[in-house]
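Q: Could you walk me through this one before I go back to the bench? I'd like to hear about the sheet, and then a bit about the surface.

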Amino acid sequence: MVDFPPRRKPSRKGSMADVPKDLLEQIKELERLFTIDQPKLKEVTEHFVKELEKGLSVEGGSIPMNPTWVMGYPDGYETGTFLALDMGGTNLRVCEIILPEEKGEFEIIQSKYRMPEELKTGDSEELWEYIADCLQQFIEYHHEVEDLEQMDSKLPLGFTFSFPATQDFIDHGVLQRWTKGFDISGVEGEDVAPLFEAALQKRKLPIKLSALINDTTGTLIASHYTDDTMQIGCIFGTGCNAAYMENCGSVPKIAHYNLPPDMPIAINCEYGAFDNELVVLPRTPFDVIIDNDSPRPGQQAFEKMIAGLYLGELFRLVLVDLHDNKCGLFENQDISKLRKAYSLDASFLSFIEEDPFENLSETSELLVKELSIKASKPELELCRRLAELIGTRAARLSACGVAAICKKKNIESCHVGADGSVFNKYPHFKARGAQALREILDWPTGKRDPVDIRAAEDGSGVGAALIAALTIKRVKAGNLAGIRNTEGMI
């Protein structure tokens with residue numbers, strides 16, 4: 001998760017009148033590199049549609065298009081008490097969600113536990129032990145029971161495991177690859193459900209894993225629970241992703257299950273991997289450096305151009321290049337702090353974009369405080385413009401994934417539930433994304449946007465609980481498609 005400063009007043013417009021010619025030329029070159037015009041947006045989107053289709057095929061493609069075995073939306077009348085476990089990039093969150101009889105309502109209590117950095121590259125058993133320990137602390141605190149084994153029944157749990165996983169069943173998931181800075185050996189290619197369940201069993205915790213989900217699928221389901229016009233769930237944060245509801249008949253790679261062709265199934269796109277082949281993505285030399293220096297070169301090509309994890313690094317790389325290539329930027333200054341990889345995150349750009357002062361005094365103070373660099377007014381203007389270019393490109397490319405799903409499903413009007421720190425906190429991200437959608441989908445001006453990207457409900461908490469509830473509901477109805485272990489569910 002990227003930490004952003006509090007929102008402030010809208011940004012002021014920068015002035016290039018006092019920028020020297022050499023820096024002005026550099027700004028124009030950066031504008032050429034980072035600007036994505038309407039024809040390019042449409043080209044990217046058209047290729048995106050084809051890649052979504054390819055991902056659903058038997059042969060597959062770069063975009064995994066993982067079937068989730070979430071077979072339909074909630075109707076708003078699901079009831080019961082459920083646990084939700086959210087394993088993201090920064091924190092581990094444990095929630096207890098009560099779904100009352102009132103339609104579309106929920107109550108939630110939750111606790112957050114910091115995910116120790118050493119766990120992210122440590123040992124598999126240590127990871128699952130830590131997670132089980134957090135769950136035990138939560139239950140003991142909120143249920144005030146001395147002996148967990150004396151609890152009347154097992155609490156159903158929805159586990160938000162926000163990493164690419166192949167699921168033959170909803171209560172199972174084989175990790176395809178670690179993302180978000182995790183690289184724990186012995187887990188990729190393995191089913192994470194038994195590893196998790198073994199840690200629960202070791203502590204004799206009264207918990208039944210009912211569903212393993214991705215945060216994006218949870219976002220789709222939770223958002224639809226409170227607004228039934230929501231048809232796409234998106235994450236724009238440390239990473240990027242989308243989920244939507246497909247018909248089983250349109251997913252050739254699950255044809256062997258012989259499911260009714262009109263039965264809905266949620267697809268977790270994992271479209272951060274879009275265009276790993278680099279057919280249409282307009283990469284700059286700085287995007288190439290980010291990819292080459294990443295733990296997984298050649299993977300997550302789309303994500304590396306738009307996700308919060310990389311925006312600050314793009315900004316840093318450009319500034320270092322301008323300094324080193326004798327462009328006169330930060331001349332005769334020590335930029336050693338700026339040379340540290342990933343020392344800037346998306347909140348750094350956010351702060352610069354929100355500087356409300358004509359002289360960019362807050363940006364100037366930020367550079368001194370964080371980087372020990374005293375910038376001139378023209379250098380501050382360049383920093384401001386570069387932040388705008390990187391932030392705008394991210395928002396415009398993000399819209400291509402949403403537009404592609406709309407085109408593939410012939411969705412003319414819907415709400416899109418979006419979550420993630422970049423969507424929620426990066427200045428102008430929503431407006432820039434909306435403008436790109438208008439350009440891609442050729443909407444008439446002066447009318448309300450038919451596809452409206454809005455803040456989502458809590459996908460990794462409430463969404464996980466709802467999916468656990470939906471799974472139990474299916475077991476009771478005898479619809480066992482994609483459920484491996486029904487024992488203890490009813």
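A: What follows takes the sheet and then a charged patch.

A: This is a predicted model, in which local features need pLDDT of at least 70 and side-chain atom pairs count only at pLDDT 80 or more, while totals for chains, interfaces and linings use all residues. Residues are numbered from 1 along each chain as its sequence is written, and side-chain values use heavy atoms, with hydrogens and water left out.

Q: OK, in what order do the six strands of the open sheet come?
A: The order is β1-β11-β10-β9-β12-β13, with mixed pairing; strands are DSSP runs of E with at least two residues, numbered from the N terminus, and two of them pair if DSSP finds at least two bridges between them.

Q: And which strands stand at the edges?
A: β1 (66-67) and β13 (451-455) do, and because each has a single partner strand, one side of each is left without a neighbour in the sheet.

Q: What about β9, which strands does it pair with?
A: β9 (residues 230-236) runs parallel to β12 (residues 414-419), joined by five bridges, and it pairs with β10 (residues 240-247) in the antiparallel sense, also over five bridges. Cys234 stands opposite Ala418 in β12 and opposite Ala242 in β10.

Q: Is β9 mostly covered or mostly open?
A: Mostly covered, as six of its seven residues are buried (under 20% relative accessible area, 1.4 Å probe, protein chains only).

Q: Switching to the surface, which residues form the negative patch?
A: Glu101, Glu102, Glu105 and Glu107 form it; patch residues have over 30% relative accessible area and no salt bridge (a side-chain nitrogen of Lys or Arg within 4 Å of a carboxyl oxygen of Asp or Glu), and like charges are joined within 9 Å.

Key:
Patches are made of residues with over 30% relative accessible area and no salt bridge: like charges are joined within 9 Å, nonpolar side chains (Val, Leu, Ile, Met, Phe, Trp, Tyr) within 5 Å. Accessible areas come from the Shrake-Rupley method with a 1.4 Å probe; for residues, only the protein chains shown count as cover. Lys and Arg count as positive and Asp and Glu as negative; His and the chain ends are not counted. The place of a charge is taken as NZ of Lys, CZ of Arg, CG of Asp or CD of Glu. Helices (H or I, at least four residues) and strands (E, at least two) are DSSP runs, numbered from the N terminus. Buried means under 20% relative accessible area, exposed over 50%, partly exposed in between (1.4 Å probe, protein chains only).
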